[in-house]
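Welcome, and please open your viewer so that we can walk through this protein together. Keep the selection box handy, since each stop asks you to pick something out.

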Amino acid sequence: MTRFFAACICLAIFASCDKSYEPHKLTEFEYTSKVDTNDHPIVAKEDRQYTVQGFTIDNLFDAARMNGFKELGTNQFEIQVNPENSPINMSPWYAFRLVGTESKTIDITLNYANGRHRYWPKTSADRNNWQLVDSSRFSIGADSLSATMTIDISQDTLYIAAQEIINSTDMKHWTQSLNSAKVKHGSPGKTRLGRDILSMDITNGSAVGKDVLVVLSRQHPPEVTGNLAMMHFLEEIVRDNDLSNKFLDKYRVLVYPMMNPDGVDLGHWRHNEGGIDLNRDWAYYRQPEVRQVCEDVIAKVNASEGEVKLGLDFHSTWSDIYYIYDDTVKSVIPGFAREWIGNIFEEIPEDQGIISPFAVNSPVSKNWFYSEFKAEGITYEIGDGTPRDLIKKKGQVGAQEMMKILLEK
Ligand SMILES: [Zn+2]
């Protein structure tokens, strides 16, 4: 037996010498499209509670945004909604909370300053179950500079927000709900304001030599629908069934589900505490969130002598879009994106996603996966108003079809 084990060790050493692993290192990239991602000041959020006409309204919770509040008349009020700085992408996030001393109906006008209305308001008593404000009770003002909703208030707490609220604590609870031997929870580091950047390292058993999938979300705070798709996607990957078990026998999944916890909890429209769009920093690493995640991916991949084959970054925009590489880019899994999306369309004919190919020429995460690893990178965009049951289906089927294709590679 001793001889047998000695022979095995020799074979193992021979095999590892035979295949030399080239470690990756964090590299700055030059793209034709350049972006200044040095810090840009933000206007600090002012925490306030107002008590007027028999109710209170506040922004004293994570992900709240209400920059001012005033009475316009009896049961008529205006809320100011401002961005953290400018120029900024037009995603005016708002979220606030009301508690009445009596039941009544009020009108609230959202005033976006120089912004344009984007998100249809939703209400919730418990932050878990959300309802759209009825279209008969909501109207958008001239040039979309404002929007007015009619709301019933009572002695129960009522949250009103641009999308379902998933703040950094909610995301931490969700990651902890994926409680399985396959999932290791961690953090590559902290943000400027001391929040943990969450990570999960998912595989079956040892990670050594396994190819790697990287999953990102919430670089942009209001992009909750993309975040929902990511959650359904990952729940499918850790499911205890034949496909998922086989996939995690062969692959390792590194997940950073809340890239911008400061921005999310401060109710930002787009940026982090440094006032920067994180998804423009993936060639410079000036922002701590991007730098620490990139260093973490590289350190983990090097330690297990693996290779990143695919990076998926979940976002939201006006409609469903798959941003992929154009034909000039030859990744290590050529043709993956079109095959995968084609399979999703076959399974879900109601998926209205548009395929939008780009060259690798800008400092976004999708391009980092190619520049750093020659991997395939895809930005997976979900529409702001895409039905939530369709998001669930897209997340689940997207995971299944991806696992099937990658298992064949
Ligand atoms: Zn985005």
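## Start at helix α8

Select residues 365-373, which form helix α8: this helix lies across β14 (211-217), β16, β17 (321-325) and β19, and runs at about 170 degrees to β19. Before moving on, keep in mind that you are looking at a predicted model.

## The eight-stranded sheet

Now show the strands under that helix together with their neighbours. In what order do the eight strands of this open sheet come? Going across, you meet β12-β13-β15-β14-β16-β19-β17-β18, and the pairing is mixed. Colour β12 (183-190) and β18 (354-358) to mark the edges, where each strand pairs on one side only. Leaving direction aside, neighbouring strands of this sheet are turned by 20 degrees against each other on average.

Next, zoom in on β16 (residues 308-317) and β19 (residues 376-383). Eight bridges link these two strands, which pair in the parallel sense. To find your place along the pair, click on L310, whose bridge partner in β19 is E376.

## Helix α9 and its three partners

Select residues 388-408 to bring up helix α9. We will visit three helices that pack against it, one by one.

**Partner α3.** Add residues 224-237, helix α3; its axis and that of α9 are 7 Å apart, and the two helices pack at an angle of about 45 degrees. Is α3 parallel or oblique to α9? That angle makes α3 oblique to α9. The crossing of α3 past α9 is right-handed. If you show side chains, look on α3 for residues including L228, M231 and F233, and on α9 for contact residues including I391, G395 and A399. Sorted by class, the residues of this contact between α3 and α9 are eight nonpolar, six polar and four charged.

**Partner α4.** Swap α3 for residues 242-250, helix α4. Here the axes of α4 and α9 lie 10 Å apart, with a packing angle of about 50 degrees. That angle makes α4 oblique to α9. Is the crossing of α4 past α9 left-handed or right-handed? The crossing of α4 past α9 is left-handed. Pick out L243, S244, K246, F247 and K250 on α4, then Q400, M403, K404, L406 and L407 on α9, and you have the residues that make the contact. They divide into five nonpolar, two polar and three charged.

**Partner α7.** Finally, select residues 336-347, helix α7, which packs with α9 at an angle of about 130 degrees, their axes being 9 Å apart. That angle makes α7 oblique to α9, and α7 passes α9 in a right-handed crossing. From α7, the contact uses F336, E339, W340, N343, I344 and E347, while α9 brings K394, V397, G398, E401, M402 and I405. Six of the residues in this contact of α7 with α9 are nonpolar, two are polar and four are charged.

## Two domains

Zoom out and colour by domain: domain 1 covers 21-40 + 166-408, and domain 2 covers 49-161. How far apart are the C-alpha centres of domain 1 and domain 2? They lie 31 Å apart. Where the domains touch, 17 residues of domain 1 are in contact with 16 residues of domain 2. On the domain 1 side, α2 (168-177) and α5 (261-265) each supply at least two residues. That side of domain 1 has four nonpolar, 10 polar and three charged residues.

## The six-stranded sheet and a hairpin

Show the open sheet of six strands next: its order is β1-β2-β5-β11-β7-β8, with antiparallel pairing. At its edges, β1 (49-52) and β8 (131-132) each pair on one side only. Look at β7 (residues 122-124) beside β8, where two bridges hold the antiparallel pair, and find K122 opposite L132 in β8.

For the last stop, select β10 (residues 146-153). Eight bridges join it to β6 (residues 104-111), and the two run antiparallel; I106 stands opposite I151 in β10. Strand β9 (residues 138-140) also runs antiparallel to β10, joined by three bridges, with F138 opposite M149 in β10. What do β9 and β10 form? They form a hairpin with five residues between them, and in the turn D143 has a positive phi of about 55 degrees.

Terms used:
Residues numbered from 1 in each chain as written. Predicted model: local features only at pLDDT ≥ 70, side-chain atom pairs only at ≥ 80, totals over all residues. Domains from an automatic or database assignment. Contact = placed C-beta atoms within 7 Å. Helix = DSSP H or I, 4+ residues; strand = E, 2+ residues; numbered from the N terminus. Nonpolar A, V, L, I, M, F, W, Y, C, P; charged D, E, K, R; others polar. Pairing = 2+ DSSP bridges. Axes fitted to C-alpha atoms, helices over the stretch in contact; angles between N-to-C directions. Parallel < 35°, antiparallel > 145°, perpendicular 65-115°, else oblique. Left-handed = near helix turned anticlockwise from the far one by under 90°.
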